[in-house]
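Me: I am new to this structure and would like a close look at one part of it. Please describe in connected prose how that part is built and what lies against it.

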Amino acid sequence: MTETQTRQAPWHEIVRATLKANDVKLVVYVPDRVFTPLIKALHADDFFTTFAATREEEALGIVSGAWMGGLRGAVLMQTSGFATIPNALASLVAPSQIPALIFVSERGTLGEFNLGQAMVCKTMRPVLDSLGVEHHTVTRHDELAFIVDRSIKQAVATQAPVAFILSPLLTGGKVFAS
Amino acid sequence: MTTLQHNAQRAGGAHNAKVMNRFELTKRLTAQLKHEEAVIGGIGNANFDLWSSGQRPQNFYMLGSMGLAIPIALGVAIAQPQRHVVALEGDGSLLMQLGCLATVAMRAPTNLTIVVWDNGIYQITGGQPTASASAADLVAIARGAGIAKSAWAADEEDFERLFAQALKGGPSLIAARIDDKPGVGTTDRDPVQIRARFMQGLGIKR
């Protein structure tokens, strides 16, 4: 993407293009309303192998295996789904030094209506911090490509997972149905 | 209640299957691997017996993440479609992550074989009964999830025959009733070394 294209592209198009530019071919997700345009774009692009797993930790297992087999992978989940993955992070991804790329749609803040999402949102960053997993909360459209591109390169180079928490400030989030 | 009594209560195809030994079957399985097939050993005794059957560079030994042997194997199978991948998993571990059977069926990788060692107990934690001891039929569950090539191994020879068939094209699931003998030996416990050796074994340079 040129700089002008990046400025004009929606956030999900920037994520798709940045994954592609970094040869991340496998994307496994547990669906999320906010990520729907990204998931649609990934399915529409033959470059990607993308499908739903039944559970977020399963998705992490799949991309861990794929990485060991030479294929870069990312997982997509919503905030509540993050609560299912600390064991897989603590006992597989982090100790084995696997550069899993984790995209979390941030729920539970800035207008959340679901208490369950809000509680997980409060614990998500402390969990990542205590596991030593690098994470970035992306709020600004103009920083998205830089953060994702550089962090994927760092993850691969240092053999470490990284989490991208995409804020409602970036994606618009999910609001009460009217 | 003893394991044998649990086994006597089993439903479905399991009740006719012979109770075998995991280490013995693991040796028979690895003896059939001639093409650098990848093997993912699930946490616990599945892993320990895989380790003791002879360490291969294409073996991955899971030290944690109970239930993820099959998802890891699916990931390897997607990354390397030319290589056959085998997941070895216990009944307790599979029951923890049953959804992965549906994901495997949906993706339908022809290069994936799942082997389930079913002794009806959480052996490593003290032998508490699993649901498969009295009620759940793991082969019926796998078929219901969409893995049509799912079968109980009737005896050792049947296990070898089923595994030889599975290597020709899957996805397949083979379940074996096993006794409550503990695993033979234990794995090393260095996850980075295990991961690095496995990647070298798969021809991946880092």
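Reply: In this predicted model, helix H3 (residues 45-52) of chain B lies across strand S1 (38-41), S2, strand S3 (85-90) and strand S4 (112-118) of chain B, and runs at about 140 degrees to S2(B). Helix H7 (residues 138-145) of chain B also packs on the sheet, where H7(B) touches S4, S7 and S8 of chain B and points at about 170 degrees to the direction of S7(B). Contact here means heavy atoms within 4.5 Å; helices (H or I, at least four residues) and strands (E, at least two) are DSSP runs numbered from the N terminus. Angles run from 0 to 180 degrees between N-to-C directions of axes fitted to C-alpha atoms, for helices over the stretch in contact.

The sheet of chain B on which these helices rest is open and has 6 strands, which follow the order S2-S1-S3-S4-S8-S7 with parallel pairing (a pair needs at least two DSSP bridges). Strand S2 (59-61) and strand S7 (149-152) of chain B stand at the edges with a single partner strand each, so one side of each has no neighbour in the sheet. From one strand to the next, the twist averages 15 degrees. At the S7 edge, S7(B) is joined by 4 bridges to strand S8 (residues 172-177) of chain B, and the two run parallel; here Lys149(B) stands opposite Ser172(B) in S8(B).

Chain B also holds a pair of helices packed on one another, namely helix H2 (residues 22-30) and helix H8 (residues 156-168), whose axes are 10 Å apart and set at an angle of about 35 degrees. H2(B) passes H8(B) in a right-handed crossing, that is, with the near helix turned clockwise from the far one by less than a right angle. On the H2(B) side the residues in contact are Leu25(B), Arg28(B) and Leu29(B), and they meet Glu156(B), Glu157(B), Phe159(B), Glu160(B) and Phe163(B) in H8(B). By class, this contact has 4 nonpolar, no polar and 4 charged residues (Ala, Val, Leu, Ile, Met, Phe, Trp, Tyr, Cys and Pro count as nonpolar, Asp, Glu, Lys and Arg as charged, and the others, Gly among them, as polar).

Chain B contains 9 helices and 8 strands. The radius of gyration of chain B, taken over C-alpha atoms, is 16 Å, close to the 17 Å that the globule rule (2.2 Å times the number of residues to the power 0.38) gives for 206 residues, so chain B is as compact as a globular protein of that length. Its C-alpha trace spans about 50 × 35 × 30 Å along the principal axes.

Chain A has an open sheet of 6 strands too, in the order S2-S1-S3-S4-S6-S5 and with parallel pairing. There, strand S2 (49-52) and strand S5 (134-138) of chain A stand at the edges, each with a single partner strand. S5(A) is joined by 5 bridges to strand S6 (residues 162-166) of chain A, and the two run parallel.

Residues are numbered from 1 along each chain as its sequence is written, and chains are lettered from A and ligands numbered from 1 in the order in which they are written. Local features need pLDDT of at least 70 and side-chain atom pairs count only at pLDDT 80 or more, while totals for chains, interfaces and linings use all residues, and side-chain values use heavy atoms, with hydrogens and water left out.
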